[in-house]
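Please find below some notes on two contact surfaces, one between chains and one between domains, set out as numbered points.

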Amino acid sequence: MNSVEIKHLDLQFASIKVLQNLNLTVSKGEFLVLLGSSGCGKSTLLNCIAGLLEPTSGQIHIHGRNVTWDEPSERGIGMVFQSYALYPQMTVEGNLTFGLRNAKVPKDEIARRVERAAEVLQIKPLLKRKPAALSGGQRQRVAIGRALVRDVDVFLFDEPLSNLDAKLRADLRVEIKRLHQQLENTMIYVTHDQIEAMTLADRIAILKDGKIMQLGTPDEIYNRPLNRYVADFIGSPSMNFLDGEVLGDSFLRGDLILPLSDYRFAGGASVDCSATIGIRPEHIVTGELVEGMPIRSEVVVEMVEPMGSDTLVYTRLEDTPFHIRMDGQARVRQHDRLAIGIDPARTSLFDTTTEERL
Amino acid sequence: MHTTCKALFVSAVIGASSASAAELEVTHWWTSGGEAAAVAELASAFNATGNTWVDGAIAGSGSTARPIMISRITGGDPMAATQFNHGRQAEELVEAGLMRDLTDIAEAEGWKDVVHPISLLDACTIDGRIYCAPVNIHSWQWLWLSHKAFEDAGIPVPTNWDDYVKAAPALEAAGKIPLAMGQQSWQSAGAFSVLMVAIAGKEIYEQVYADHDAEVAAGPDIARVFKAADDARKMSKDTKVQDWNQATNMVITGQAGGQIMGDWAQGEFQIAGQVAGEDYTCLPGLGVNQIISTSGDAFYFPVMDNEEQSEAQGVLAATMLKPDTQVAFNLKKGSLPVRSDVNQEAANDCMRKGLEILAAGNTIPDTNQLVSPDTNSQIEDLFSEFFNDSSITVEDAQSRFADIVADAD
Amino acid sequence: MSDSTNPMARRDHTHDSVEPDGPRPRHRLSGRNIMIYGTLIMISLYYLLPLYVMVVTSLKGMPEIRLGSIFAPPVDITFEPWVKAWSGACTGLNCDGLSRGFWNSVQILVPSTLLSIAIASVNGYALANWRFRGADVFFTILIIGAFIPYQVMIYPIVILLREMGLYGSLSGLVLVHTVFGMPILTLLFRNYFTSVPVELFKAARVDGAGFWRIYLSIMLPMSLPIFVVAMILQVTGIWNDFLFGVIYTRPENYPMTVQLNNIVNSVQGVKEYNVNMAATLLTGAVPLLVYFVSGKLFVRGIAAGAVKG
Amino acid sequence: MPGDARPKGIFKNLTAKIAAIPMVLTAMVVFLGCSVWTIVYSFTSSKLLPKTRWVGLDQYERLWGSRRWLVSIENLAIYGILALVLSLMIGFMLAALLDQKIRFENTFRSILLYPFALSFIVTGLVWQWILNPEFGVQNIVRAMGFENFIFDPLYNADIVIYGVLIAGLWQGTGLVMCLMLAGLRGIDEDIWKAARVDGIPTWKTYVLIVIPMMRPVFITTLVIITSGIIKLYDLIVAQTGGGPGLASEVPAKYVYDMMFLSQNLGQGFAASTMMLLAVVIIIIPWAYLEFGGKRHV
């Protein structure tokens, strides 16, 4: 059964179209991440699902029920916000129980749920404190707890980790993942952080200008981006793009010729057209392995960024910036000449005009 | 019940005693010393009828009190009685049917026969019905002179305006302010019309104010009046007070030589324990033209739903014009009684002068009865400016005055 | 919403924001300090002068006032003027001074303040968090209303109250105060509630709280400073009001300012300046007290309500 | 199913709309309704009571031919501009002084703010007295030996409006100071640090950086001060009564006096209408910029 279903959703503020004919289905127990840069409509979409914004047209179904015009509290959702949104004048316990008290849930039931949530989130000792006396991480746990006690099947997260520092963010990310495994409920999670998206998601929806650019598993998104935008957006540093053309089963760019016999075309077969090839920095082969590659070239190192686990090397391939991710142990210096090789099976080809995957 | 009330009402009017005890709220702006004492006389006379006078004094004369009165009346929650300068101010309220018709009381009490001059009652009469109870006669045309000030200056107390003007330098030399004049506009405008009657005479006054003759207003007679007003302006330039009674107080204490003010100033002299002829001199018509205007205060009685109160209103109106009340009230107020048939032995020097002029019929109607409040306030604005700003020339002021008269209604 | 304007972050900052943010002075007795304190003391003297004059004059007898300078301290201190102003001064026939109006003023003040603040805060909350079509239009008209001189409205309001059957009653006056307090108060409350993080409001809606529940349980408890500001403004305005009090009620309900006007404007021969000043101080006592007690909260509340636009 | 039907416009946020009824009624009936009523009756010759005797633009012709009205406008303009500029300047300066981490800040602030608690009636009276040449400032200075010292602003038609201004500023600057202080406290301390690191002089930091950052405070302050200026009435009545002559008349007093002293409602309404018009001309563009432009989500 589908947990959340969004049909032809449109949202317009004045003349600005924030969401455009958006369709999305989230199945039960799925962890869906809405990913995109700011202003892409991901938070707006989440707010629509929560019922905090009214769509201009279209429908939202949760558990098969049309909830498009229902109050947020009637939709069977819990929500966690970026700024935690804890009620400052209430204790942690007060924050956890506010919704339940509004829904007139019996006292012992409230106590049971608070007990369980506090245990799951390890916030038992904090129950009597006010939010002001909590650290950022603790606050966000309480905020998650507030969704937890609602005993609902759909959790909505609106950039919940953005206000935390890097270390806490990583910790809490793991915790959310564990929570999902434990609760097995549907989670829709908005973020602009691709690491969060890749690590947490069962599926990722990448949004741009109120439209879904690609919906797929992290693996699909990473390895088989549907269009140039997604390819560019995912990965850091982002994919290298080289313009050229597809002729027969080769990609031609100047004197570079890339045989595409191992490339899986989206349409099954190759079509002649001008095209852009995308190669992830980490898929570029260096060192001894270069010899085995169907295509080889040589670049000059312009800058080196050692990052510990790996090393980023900035180079140029015939005036086009070209980034290479190498092993952390690689000894490369500025002005070095570097031999590189490309494996066609690990590249993506896009039609230069439509920017769609070939 | 209804008939009983009627019976009580009649007995109340005739016997001035009643079993029905209504509380009547009376609004007025008589709050200065002499005025308050005078109101107390009205109140005690009314309380003696078994009713209760609830005092609704609002200080600050018309500007503060009048909006309240008009609001209360049009707002449907009127006071039982309210002071108005009689004249044309209440006309519209009467026309709108908001004021109680007092004709029955007036007839029962024979007001038509006793009120003198009858013009006072005429001012209360609209379409043959009487709507207000005049309580006193006030006249504007008085010059009050301080004996002490002239003594200090070493000159005799003048007996007319011209001598007074000539005495001004001597007063100034003695450190006195020759003429005390409050800065409020009604005082400036009042002083001017006093000068007009005194200097130009009754006919000119009537042509200007009653007939709105702009040519006369622009003519040589009025030019002389403006010349005199210019003298007054010079004599009064150092008065730094606003209220009339503060100016009067300067005369009482001898700081100022004199003041042009209505007979209500008398009350202040009285409260200060001064005696007319000994401590101060009063010159009606500025000692030039012994003519006084007969304006005065009147009470109007808004229509009330409550029958008991309505009856009590009648009682109050009747009480106000009773001979005893009239004497007691007017003595304190410094004004003249509205009926000629009362015992006037208690009247002092100044009051007697006034009564004589009144008896001789040398009266004119007050400006309030002749022009609308609107025109009146335009005139007040003009003279307020004239008396306080010496840069306005006599000619300029006169031509503006003539314009106002031409547009008067 | 960027972090720099995130009110939640801001609140943490405003928590101790009654401490100055300006540049830190370097030395205790530097020339700079002397200049700052010197200026402040001079200006304070100018501000205190009228109060000083009022107080010393109210403690003098009339002869001393006539002879001495208004700035000279009293030689013979007398409390007579205070007693007279409170319980003896006359207007017309009533010689019971200000005391007659004091409780009336309280009776007008309490319901007017409560009602106007209650309504304006709900308005501000509705405008900030539940924006509906046309809300801005109404709000703009309301703000224009803040600029309309009261005198202009006297007459039409008399007619309105008459039609509502409230003319002359205490409730009518309370209503008038509520109406005329509404523009500025609504502006302040709207600005304040706009600065409350919108996510808090969203969270409460997810928690199933409706319009009133959010207002009472979430917004109200975190709005003390702005309520203090509103209270101070209203207490001052309503307590000092003369015009409405005298026009829209009956004499038995007249506020203290009517007596003050009567005492100050009725002249019994000589102006009794000492009594006038005592009466003035007595009338001003309530708002002054409110100010001195809650001055600190006032600045904090203004900081929360007026600064954000 | 409840979710199927989109709620009709009016039922959306129904509670919020119900709660806003008092505001809507006030705005529409009192402020808008009464204004329209006033405008309508300004075309009549109503005297003591409103009557529909139409006279076209007569009232306006008379209004603009009236010296007193012109003087009133001129006075309001002088007073308004000076009061606005000076109270903003003095208020800001005081706030900046109080913001210097000084001791006794609370005391100073209370002293500067207390006049705001007093009514204009009281303010007018006290200052009328202090400025009275006979026993006020002039008297004191003369007693100190300056026999010819003259300081009688309330009795000199040329400068009376400045005498009113002294009292008006005394009463109102405290609030401006408070608003400004609140605004200064809202400025991030890092700004000051940055300015110091950049070596920008303090006064320059205020003028170029801090004041522009305080735009919202200035706007709120402007609304409060301006609305007070336009309504200027009580202070004039208590302090000068409009005198000497007409020298300190103001429009609000013209309206009041016309309506209740001259018993010429029509003229009063015409003057009111002109005031309303002026307000609308000032406010509407501002309101449009403030609320019209941005829409919150």
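1. How many residues of chain C are in contact with chain B, and how many residues of chain B are on the other side? In this predicted model, the contact involves 24 residues of chain C and 32 residues of chain B.

2. On the side of chain C that touches chain B, three helices, α7 (150–164), α12 (243–247) and α13 (256–265), each supply at least two residues. The largest share comes from α7(C), which provides four residues of that side.

3. Sorted by class, the side of chain C that touches chain B holds 11 nonpolar residues and 10 polar residues, together with three charged residues.

4. Turning to chain B itself, the domain assignment gives two domains, each written as two segments: domain 1 covers 2–138 + 296–354, and domain 2 covers 142–293 + 363–407. The C-alpha centres of domain 1 and domain 2 of chain B are 30 Å apart, and the contact between these domains draws 21 residues from domain 1 and 21 residues from domain 2.

5. Which helices of chain B supply at least two residues each to the side of domain 1 that touches domain 2? They are α2 (33–47), α7 (119–124), α17 (323–333) and α18 (349–360) of chain B, and of the helices α18(B) gives the most to this side, with four residues.

6. As for the classes on the side of domain 1 of chain B that touches domain 2 of chain B, 12 residues are polar and six are charged, while three are nonpolar.

Note on methods. Residues are numbered from 1 along each chain as its sequence is written. Chains are lettered from A and ligands numbered from 1 in the order in which they are written. This is a predicted model: local features need pLDDT of at least 70, side-chain atom pairs count only at pLDDT 80 or more; totals for chains, interfaces and linings use all residues. Two residues are in contact if their C-beta atoms, placed from the backbone, lie within 7 Å. Ala, Val, Leu, Ile, Met, Phe, Trp, Tyr, Cys and Pro count as nonpolar, Asp, Glu, Lys and Arg as charged, and the others, Gly among them, as polar. Domain bounds come from an automatic or database domain assignment.
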